[in-house]
Amino acid sequence: MQFRAILVALTLTLLAFFATGSFMSHQIADRLFSDRLNQVLAEARTDIADVQASFDASDASDRTEVQALIDSTMGALSMDSEEAGRHWILIPFDRGAGQSFVGVQTQSPWMTSASVPQQLQQRVAEGDGTYWQPGSVRMQEDGAEQPVIVIGDMVQLNQNARYGVFFVYDFADPQITLNSIHAVLLLSMLALLLLVGTIVWYVTREVVRPVSSTAKVSEQLSEGDLDVRMEVRGSNEVARLSRSFNRMADNLQEQITQLEQLSTMQQTFVSDVSHELRTPLTTVKMAAEVLYNAREEFDPVNRRSAELLHHQVDRFDSMLSDLLEISRFDAGAARLDIASTDIFSVIYDVVEAAGPLVLKCGSTLTVRSQLTRCVAQMDQRRIDRIIRNLVSNALEHGEGKPVEIYVASNENSVAVAVRDYGIGMEEEQTARVFNRFWRADPARARTVGGTGLGLSIAQEDTRLHRGQLDVWARPGEGACFRLTIPLIRTQPLDPELPNPLPMPPAPVLAESTAHVTDTGSLALTAQVDPYATATGSHAVQPSERTLTTASGSLDTATGSTAVNDQPGTEAP
């Protein structure tokens, strides 16, 4: 700000001085030139009149007499030429007219008729009066050319012989004076710019320094240093600003401290209550299990009560678990148990566990990918929880329509997207979907679902993995949640690389690798090529795997396969 103020002040001062200096220079030059021109014109007219009078008084008739007349007349003018700073030139206009004709006569041998501008000669020959024209002529034989004024008029000898008399006046002195004035003006301009710059620098420094101090203190406050304050000096406007700023900082610090204390108390309360409720809840849960297992012996009313008690106790237990997990995130106590894990093993476990829910919702659940194996460094329990939550939400809100899981990877990351074609969400709902205790259905009448903490916990788990959890939704078109995590924990996601999966993914981009059968079991349909590789992983041995048992356990045609924990290495 200070630099800009100085620059603007100097620029405006320079423009003002340039305009004023130009005007003054023009006026001074005009005055010097006009005064000198009027002086030499008066002298020239007097000398021309004297020359004409001398020629009129003579009766010279031959060339010798005419030459003598010219020498005597013009010689009288030469006596004052050095003092007057002038030279004369006599040029005949009627060449070869009679025996009295004489050629060009000059005061100085280095001056010729060429020293007189041709245009001026023509004007004198054709006109009737005294004419002048600026030029540049050497006033000394060995000197440089100098600015001059050439003044000319016509004179006549006897027998009507016409001659042009031209006087060359030196104008070097006015030019030197003008150059000196220009130098003085330039030095004055430089001195004025320096003076104005110093004044503006001092003034702006007094104004900008408090602003700079305020900006510095504001930056420190924004960085979390709530104890910093501005220094108050005097009682002017800046001092009032400093005091007001300090009061604002005090109020801000007090409010932030109160909020931190309130947040800490709230987190402690939630954590303590959750822990304290675990013991009685365990007892209640055991009693509910006993009643639930013996419900067949009860009458219909008590049987229904036992079922409701069992389900609500399970829901209460899930709520306490979520609250405890949230309290760990708030306290910063959440830690990852990192291991190299095949993402497909996690996905297939989730899909297999979701089989009963798939049958209950009347939907279909399919895994689509061009990969058959992709190893990444992750906390398997947390990634399982994220995908399980996304799949459960998709089935619940899918309105019985297909639900698809897409998997893709690149050299930096792996992405898992869960896509449904159900009710979808509005843009406002999409912006709030990760808020705690928020649910898309205000009535909370869904058949499946918890307290609204699932997506919040999923987002926190994603952050621990240095990944990102994105959402896309359109009313009536469904929703898509995409989990992206780095393949290597120490290498965060590269923002320059595109995500392996678009939002939402297109079904034509990948073949089906697994799906839930009509019996609720998991069926793996991908043909595993032992030589096929994917980025960061290798395909496992050897042939197509299918699972069709009613219990949902995995059967393979060739037995178990070894899984290498290190990404980018082939399984033995």
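Me: Why is C480 called buried or exposed in this model?
Reply: C480 has a relative accessibility of 0%. Buried means under 20%, so C480 counts as buried. The model is a predicted one.

Me: What makes C361 buried, partly exposed or exposed?
Reply: The relative accessibility of C361 is 22%. The partly exposed class lies between the limits of 20% and 50%, and therefore C361 counts as partly exposed.

Me: How many disulfides does the model hold, and by what rule?
Reply: The count is zero. A pair of cysteine sulfur atoms would have to lie within 2.5 Å to be counted.

Me: Why is H87 called buried or exposed?
Reply: H87 has a relative accessible area of 12%. The limit for buried is under 20%, so H87 is classed as buried. H87 is placed in strand β1, residues 86-92. Setting aside neighbours within four places in sequence, H87 is in contact with Q107, S108, W110, M111, M139, F166, F167 and V168.

Me: What makes the pair of H87 and S108 a polar contact?
Reply: The side chains of H87 and S108 make this contact at 2.7 Å. The cut-off for a pair of N or O atoms is 3.5 Å, so the value satisfies the distance condition.

Me: How do you know that β1 and β2 pair?
Reply: There are two bridges between β1 and β2, in the antiparallel sense. Pairing requires at least two bridges, so the requirement is met. Within this pair, L90 stands opposite Q105 in β2.

Me: In what order do the strands of the sheet run, and which stand at the edges?
Reply: Five strands form an open sheet in the order β2-β1-β5-β4-β3, with antiparallel pairing. The edge strands are β2 (105-106) and β3 (131-138). Each has a single partner strand, so one side of each is left without a neighbour in the sheet.

Me: Which strands does helix α1 lie across?
Reply: Helix α1 (residues 2-57) lies across β1, β3, β4 (145-156) and β5 (162-170), and runs at about 35° to β4. Helix α4 (residues 118-126) also packs on the sheet, where it touches β1, β3, β4 and β5. The direction of α4 makes about 150° with that of β3.

Me: What does Y131 touch?
Reply: Y131 is found in strand β3. Not counting residues up to four places away in sequence, Y131 touches L120, R123, V124, V150, I151 and G152. The side chain of Y131 also reaches the backbone nitrogen of D128 at 3.4 Å.

Methods. Residues are numbered from 1 along each chain as its sequence is written. This is a predicted model: local features need pLDDT of at least 70, side-chain atom pairs count only at pLDDT 80 or more; totals for chains, interfaces and linings use all residues. Side-chain values use heavy atoms; hydrogens and water are left out. Helices (H or I, at least four residues) and strands (E, at least two) are DSSP runs, numbered from the N terminus. Buried means under 20% relative accessible area, exposed over 50%, partly exposed in between (1.4 Å probe, protein chains only). A polar contact is a pair of N or O atoms within 3.5 Å; within protein, one must be able to donate a hydrogen and the other to accept it, and residues adjacent in sequence count only if both atoms are side-chain atoms. Contact means heavy atoms within 4.5 Å. Axes are lines fitted to C-alpha atoms, for helices over the stretch in contact, and angles run from 0 to 180 degrees between N-to-C directions.
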